Amino acid sequence: QMKTLVSWNALITGYVQNGSGREALECFRQMQDEGISPDVVTFTCILGASGIVGSLEVGEDVHAKIQKQGLLQNDMVLGTALVDMYAKCGKLEKAQEVFDDLQTRDVVSWTLIITGHTQYGAYKQALRCFEQMQFEGVHPNQITLVYALKSCGCIRDIFKGQQLHIYVETH
């Protein structure tokens, strides 16, 4: 019975949504072994799986394929998935580089870069990103605010923490 790209993508997506990164990566390998070429959906999910298991090697390989196919130009979701994968693998400079190159940045991509910096102790960079996000007119969500507040606490920036507290109360 022949599996289609759609059925492989459904299977891989299901594994990623359930946090089963290794199984998703195994399906990705099997899919390619059967001669089925991945598409944007596949790549987006595999970047998620790479982040789940911390597989920088697979993530970088997918990034190279995406660049070779010129898929990043108009696909914000794919770009955001790359930022997330690099951040989860602890490659903050690369995550920031990809983020800076995104054509469009929304609250999701901003939150991912801020979260990544905060989780790896780059608190000042997280707050710089938060300020830039506000400057660009993107409104934070609850997760963005949690990580911005955490960064303030970790570097003991009481003034910025108070500003964020006021923002939370007034929005």
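A residue is termed buried when its relative accessible area is under 20%, exposed when this value is over 50%, and partly exposed in between. The legends below concern a predicted model.

**Figure 1. Overall architecture of the predicted, helical protein.** By this criterion, 42% of the 171 residues in the protein are buried. The secondary structure comprises 10 helices and zero strands, so that the order of elements from the N terminus reads α-α-α-α-α-α-α-α-α-α. The C-alpha trace extends over about 60 × 30 × 25 Å along its principal axes. Of the contacts between residues at least 6 apart in sequence, 58% link residues at least 24 apart. The protein presents an accessible surface of about 9,500 Å², with carbon and sulfur atoms accounting for 52% of this area. The protein carries 14 positive and 19 negative charges, and the mean positions of the two sets are separated by 5 Å.

**Figure 2. Salt bridge between Asp 61 and Lys 65 in helix 4.** The structure contains eight salt bridges, and one of them is formed by the side chains of Asp 61 and Lys 65, with an N to O distance of 3.4 Å. Both residues belong to helix 4, which covers residues 56-68. Their positions are four residues apart, about one turn of the helix. Asp 61 is partly exposed at a relative accessible area of 38%. Lys 65 is likewise partly exposed, with a value of 25%.

**Figure 3. Salt bridge between Asp 84 and Lys 88 in helix 5.** The closest N and O atoms of Lys 88 and Asp 84 are 3.1 Å apart. Helix 5, spanning residues 76-88, contains both partners, which are four residues apart, or about one turn of the helix. The two side chains fall into separate accessibility classes: Lys 88 is partly exposed at 42% relative accessibility, whereas Asp 84 has a relative accessible area of 16% and is therefore buried, because the cut-off for burial is under 20%.

**Figure 4. Salt bridge between the loop residues Arg 105 and Glu 136.** The side chains of Arg 105 and Glu 136 meet at an N to O distance of 2.7 Å. Arg 105 is located in the loop between helix 6 (92-101) and helix 7 (107-119), and Glu 136 in the loop between helix 8 (123-135) and helix 9 (142-155), so this salt bridge ties together parts that lie 31 residues apart in sequence. Arg 105 is partly exposed, its relative accessible area being 21%. Glu 136 is also partly exposed, at 36% relative accessibility.

**Figure 5. Salt-bridge network of Glu 26, Arg 29 and Asp 33.** Glu 26, Arg 29 and Asp 33 are joined into one network by salt bridges that share partners.

**Figure 6. Aromatic pair formed by Phe 99 and Trp 110.** The count of aromatic pairs in the structure is one. In this pair, Phe 99 and Trp 110 adopt an edge-to-face arrangement, with 4.6 Å from centre to centre and 70° between the planes. Phe 99 is part of helix 6 and Trp 110 is part of helix 7, so the pair ties together parts that are 11 residues apart in sequence. Phe 99 is buried, with a relative accessible area of 1%. Trp 110 is buried as well, at 1% relative accessibility.

Conventions:
Residues are numbered from 1 along each chain as its sequence is written. This is a predicted model: local features need pLDDT of at least 70, side-chain atom pairs count only at pLDDT 80 or more; totals for chains, interfaces and linings use all residues. Side-chain values use heavy atoms; hydrogens and water are left out. Helices (H or I, at least four residues) and strands (E, at least two) are DSSP runs, numbered from the N terminus. Buried means under 20% relative accessible area, exposed over 50%, partly exposed in between (1.4 Å probe, protein chains only). Contact means heavy atoms within 4.5 Å. Accessible areas come from the Shrake-Rupley method with a 1.4 Å probe; for residues, only the protein chains shown count as cover. Lys and Arg count as positive and Asp and Glu as negative; His and the chain ends are not counted. The place of a charge is taken as NZ of Lys, CZ of Arg, CG of Asp or CD of Glu. A salt bridge is a side-chain nitrogen of Lys or Arg within 4 Å of a carboxyl oxygen of Asp or Glu. Rings of Phe, Tyr and Trp (its six-membered ring) pair if their centres lie within 6.5 Å; planes under 30 degrees apart count as stacked, over 60 as edge-to-face and the rest as tilted.
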